[in-house]
Amino acid sequence: MSRIDIKKTYKLFIGGQFPRSESGRSYEIKGANGKFIANPALASRKDLRDSVTSAKSALSGWSSATAFNRGQILYRIAEIMEGRRDQFVTEIIALEGGSAKVANTQVEQAIDLWVWYAGWCDKISTIAGATNPIAGPYYNFTTPEELGVVGIIADQKDSLLGLVAAIAPVVATGNTAVVIASEKRPLPAITLSEALATSDLPAGVLNILTGKVSELAPWLASHMEIDGLDISGVDPKIESELRIAGAENLKRIHRFNKSQSPQRMLAFMEAKTVWHPIGV
Amino acid sequence: MVTLIDGSEASLRKYLAALPGVDKVGADQRAAMLSTRSIKTTSKSWAIDMAIRMVDLTTLEGADTAGKVRAICAKAVHPDPTDFSVPSVGAVCVYNDLVKIARESLNLNGGSHIPVAAVTTAFPSGRASLKVKIQDTQDALHDGATEIDMVIDRGAFLSGKFGLVFDEIIAIKEVCGNRAQLKVILETGELTTYDNVRKASFIAMLAGADFIKTSTGKVSPAATPPVVLVMLEAVRDYYLQTGMRIGVKAAGGIRTTKDAIKQLVLVNEVAGPEWLNPHLFRIGASALLNDLLMQRMKAASGFYSGSNYVTLD
C-alpha cells in the first residue's frame with residue numbers, strides 16, 4: 001500500500017510564530033515547468049502591520065545585544081541552513097528551473113553569505129567609525145549604529161540568494177526587519193524562516209511575509225515606524241510611488257546591485273558622534 | 001427605590017445564595033463570539049474617540065514622581081498636542097499622595113473638567129485596618145479627588161465573610177458621601193470563578209458602589225472579555241431590579257485599540273447602548289491611549305503611524 005503524501009502548509013513568519021494570513025487568503029505558486037507547487041499565505045496589510053509591531057518590539061533587545069553575540073547567531077543561521085541544504089535545492093529547482101548544480105551553488109553562496117556577514121558584526125563599527133580631529137579639549141568619536149526597523153522587498157529572481165543578501169546585512173548591524181519575499185518564488189523564504197526560528201534569533205527580529213509586492217509595498221513605504229527601505233526587488237514602475245510615500249518620515253530608500261558588500265550594512269546605519277572632555 | 005436587602009448579613013447571604021450561577025462555558029463562548037465583531041470606518045472612528053473619552057489615564061507605580069503625574073495630566077487634557085480635535089480622557093488615576101499635584105496640574109492645563117481618581121484603602125492589596133482605609137480615603141478627598149477607587153478585602157470574600165466586605169464598602173461610601181464617586185475594585189484575577197465575580201459585583205452594588213471595577217492592574221488575568229461580560233450582566237440585572245444604572249470600569253491588560261473596541265462591543269451587546277458613555281463605562285489604562293492615538297492618526301492620514309509620534313510615558 002502506498003503512503004499518503006504529507007503536504008507542507010506554507011505560512012507567514014511573524015514575531016517568531018508561523019501564522020496563516022489574518023485575511024485567510026492564499027495564492028497559487030507554479031513551478032518553472034508551469035505545474036502547481038503550493039498555496040502559500042497571501043499576506044494582507046494587517047499582517048504587515050503586525051510584523052512591523054513585532055519588529056519594533058524586538059528592536060531594543062537585538063540592537064543592544066553585543067555585536068559578538070549577533071555574529072554568533074548569524075553563524076548559527078548558516079549552520080542550521082546547512083542542515084536543510086537539500087530542501088532549499090529542491091525548492092529552487094522546482095521554482096527557478098535549471099540544474100541541480102546551479103541550485104546547489106546558489107544555496108552554498110547564501111549560506112556563505114551569512115558567515116561573511118557574521119564576521120562583520122563586531123568589525124563594522126571599528127572599520128566605519130572614526131576618531132575625529134577637532135579644535136578643542138575633547139575626544140570626538142563617530143560610530144555607526146543601527147537605523148531601526150527596515151522594510152525589505154527582496155529580489156524577485158534569486159529566491160534564496162537575493163533574500164539572504166538583503167536580510168543578513170540589515171540584521172548584522174542590529175536592525176530588525178519586515179521582509180516581503182519573492183512573489184512568484186517564495187518557498188525558499190519560508191524554509192529560511194523555519195531555519196531562523198530554530199537558530200537563537202530572537203522572535204520578531206526578522207518577519208517574512210509572502211504575497212503580492214504591489215499590494216504590500218505601498219503600506220511598507222508609508223509606515224511611519226519603518227526607518228529604511230530596501231527596494232531591490234521592486235518593479236521600477238512603482239519605485240517613484242514608494243519613494244514619495246517614504247518621504248513622509250524621511251526613510252532611507254536604497255536599491256542595491258551587489259549581494260556582498262559592507263555598503264549594504266552602512267546603508268542602514270546611523271552615525272552617532274560623541275564629544276568627551278579630555279582629562280575627565 | 002427598590003430595596004433588595006434589609007442591610008443585615010443574613011439578608012445579604014440570602015440574596016447572594018439566590019443569584020443564578022454563571023455558565024462558564026457559555027460566558028467564555030459569548031465573549032469570544034462578540035470579540036469577532038468587525039468594527040470599521042466611521043464606526044471605528046466613533047469607537048476610538050469614545051474609547052479615548054472613557055480612558056482613566058493611570059499611573060500607579062512605586063516610582064511615580066510629581067513630574068510624571070504632571071506629564072500625564074497634560075496628556076489627559078490634550079492627548080495629541082498637534083490635534084485639538086482629540087477629546088480629553090475620562091479621568092486621571094493616581095495614588096492618593098499625588099492627588100493634589102494631579103488636581104493642580106489639570107487645572108493649570110485647562111482640564112478642570114477632568115476628575116482625579118485616587119486609589120485608596122491600602123491599594124492594591126487592601127490589607128490594612130478599616131481605620132487606615134478610611135483615613136486613606138479622607139486624605140484623597142481632602143486633596144481634591146472626586147473619584148475613589150477602593151479595593152475589596154479579597155481574603156474576607158474568599159473565606160465567606162461577605163458581611164465584612166459589604167460593611168467596608170458601606171463605610172468607604174459614607175466617607176465619600178456626595179463628594180466623590182465610588183469605584184469598587186473586585187480584583188477578579190484573585191476571585192477564581194465567574195460565580196464569585198458575580199457575587200462580588202452584587203455585594204458592591206448593594207453596598208452603594210457607583211462603579212464596579214475589574215482589577216487593580218497588579219494581578220493577571222485582569223479585564224478579560226468574559227469577566228467584563230459577567231460584570232456587565234450584573235449591572236444590567238441590577239438595573240432591571242432597581243432602576244439604577246451602575247458603571248463598570250475595565251482595568252488591566254487592555255493595551256490595544258482592538259482590545260478596547262472589543263470591550264465597547266461587549267458593553268453595547270450585554271448592558272446596552274445606555275452604558276456606552278464615560279459616565280457608565282471606563283477603561284483603566286496607560287499604554288492604551290498611545291495606541292488609540294496612533295489608530296486615530298492612521299484614520300486621518302491613510303498610513304500607519306509609529307511610536308515616534310506619540311509620547312513616551
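A salt bridge is a side-chain nitrogen of Lys or Arg within 4 Å of a carboxyl oxygen of Asp or Glu. Keep that in mind, and let's start with one example: E194(A) pairs up this way with K8(A), the closest N and O atoms being 3.0 Å apart.

Some ground rules before going on. This is a predicted model, where local features need pLDDT of at least 70 and side-chain atom pairs count only at pLDDT 80 or more, while totals for chains, interfaces and linings use all residues; side-chain values use heavy atoms, with hydrogens and water left out. Residues are numbered from 1 along each chain as its sequence is written, and chains are lettered from A and ligands numbered from 1 in the order in which they are written.

## Salt bridges

Back to that first pair. E194(A) sits in helix α7 (residues 187-197) of chain A and K8(A) in the segment before β1 (29-30) of chain A, so the salt bridge ties together parts that are 186 residues apart in sequence. Helices here are DSSP runs of H or I with at least four residues, strands are runs of E with at least two, and both are numbered from the N terminus. How open are the two partners? We call a residue buried under 20% relative accessible area, exposed over 50%, and partly exposed in between (1.4 Å probe, protein chains only). E194(A) is buried, at 17%, and K8(A) is partly exposed, at 32%.

Now look at R85(A), which has a salt bridge to E82(A) and another to E108(A). R85(A) belongs to helix α3 (residues 85-96) of chain A and E108(A) to helix α4 (residues 100-120) of chain A, so their bridge links parts that are 23 residues apart in sequence. Both acidic partners are partly exposed: E82(A) has a relative accessible area of 38%, and E108(A) has one of 32%.

Here are the three pairs together:

| Salt bridge | Closest N to O |
|---|---|
| E194(A) and K8(A) | 3.0 Å |
| R85(A) and E82(A) | 2.9 Å |
| R85(A) and E108(A) | 2.6 Å |

Over all chains, the count comes to 35 salt bridges. Chain B has a network of them too, linking D56(B), E147(B), D149(B), K183(B), K213(B), K249(B) and R282(B).

## Where the chains meet

How many salt bridges are there between chain A and chain B? The count is 0. Still, the chains do touch: 11 residues of chain A are in contact (heavy atoms within 4.5 Å) with 11 residues of chain B. Together the two chains bury about 1,100 Å², 50% of it on carbon and sulfur atoms. Buried area is the accessible area (1.4 Å probe) that two parts lose on being put together, summed over both. On the chain A side, R49(A), W219(A) and M224(A) supply 45% of the area buried against chain B, more than any other three residues.

There are also 3 residue pairs in polar contact between chain A and chain B, both residues at pLDDT 80 or more. A polar contact is a pair of N or O atoms within 3.5 Å; within protein, one must be able to donate a hydrogen and the other to accept it, and residues adjacent in sequence count only if both atoms are side-chain atoms. On chain A, α1 (45-64) and α8 (213-222) each supply at least two residues of the side touching chain B. The largest share of that side, 4 residues, comes from α1(A).

## Cysteines without a partner

A disulfide is a covalent bond between the sulfur atoms of two cysteines. Here the cut-off is a pair of cysteine sulfur atoms within 2.5 Å, and a search of the whole structure finds 0 disulfides over all chains. Why is C73(B) not in one? Its sulfur is 11 Å from the closest cysteine sulfur, in C93(B), so it is too far for a bond. C73(B) is buried, with a relative accessible area of 0%, and C93(B) is buried too, at 1%.

## Backbone oddities

Chain B has a cis peptide bond joining F123(B) and P124(B), with omega about 0°. P124(B) is in the loop between β3 (116-119) and α6 (130-142) of chain B. Another cis bond runs from S220(B) to P221(B), with omega near 0°, and P221(B) lies in the loop between β6 (211-213) and α10 (225-242) of chain B.

Which residues have a positive phi without being glycine? One of them is L250(A), at about 55°. L250(A) is found in the loop between α9 (236-246) and β9 (252-254) of chain A and is exposed, with a relative accessible area of 72%. T41(B) has a positive phi as well, near 45°; T41(B) is in helix α3 (residues 41-54) of chain B and is exposed at 63%.
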